[in-house]
Amino acid sequence: MGDFNLNLQTAEEHLPSDDTEGGVVLGVLDGSTPPEEWIDSIARGNVLFLSIEGDLNKLASKFARDIKDMDGNLMHFRKFLVVTPPGVDIDTDKL
């Protein structure tokens with residue numbers, strides 16, 4: 001096998017340095033959380049998995065347009081709302 005010059009000690013320097021988190025946030029969509037908090041979480045790269053407690057259209061209307069405007073996705077699945085940031089698609093092929 002030929003020489004392969006990989007320096008892992010400096011690899012971290014080449015990673016993007018933004019404020020994305022990229023985690024999954026579990027929560028309850030009941031109107032008690034300010035819409036800006038959900039929007040900020042998506043902007044940081046998180047996926048929201050929210051249990052719906054109330055009228056989905058009324059509760060999600062406070063932040064859905066902002067999510068769509070930033071190219072995020074929203075999907076109602078059973079009793080949950082799944083919200084993803086831009087670049088994270090929701091695969092429904094198995095449904």
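Which backbone oxygen does the side chain of Thr-84 reach? I looked: it is that of Val-88, at 2.8 Å. That fits a polar contact, meaning a pair of N or O atoms within 3.5 Å, where within protein one must be able to donate a hydrogen and the other to accept it, and residues adjacent in sequence count only if both atoms are side-chain atoms.

Ground rules, noted early: this is a predicted model, where local features need pLDDT of at least 70, side-chain atom pairs count only at pLDDT 80 or more, and totals for chains, interfaces and linings use all residues. Residues are numbered from 1 along each chain as its sequence is written, and side-chain values use heavy atoms, with hydrogens and water left out.

Next I placed Thr-84: it sits in strand 4, residues 80-84 (strands are DSSP E runs of at least two residues, helices H or I runs of at least four, numbered from the N terminus). Thr-84 is buried, at 2% relative accessible area (buried is under 20%, with a 1.4 Å probe and protein chains only). Beyond four places in sequence, I found Thr-84 touching Ile-42, Val-47, Ile-67, Gly-72, Asn-73 and Ile-90 (contact is heavy atoms within 4.5 Å).

Then I checked Leu-81. Setting aside neighbours within four places, its contacts include Leu-29, Leu-50, Phe-63 and Met-75.

Last, the whole chain. I read 3 helices and 4 strands, running β-α-β-α-α-β-β from the N terminus. Of its 95 residues, 26% count as buried. Among contacts between residues at least 6 apart in sequence, 47% join residues at least 24 apart.

Technical notes:
Buried < 20%, exposed > 50% of the residue type's maximum accessible area, 1.4 Å probe, protein only.
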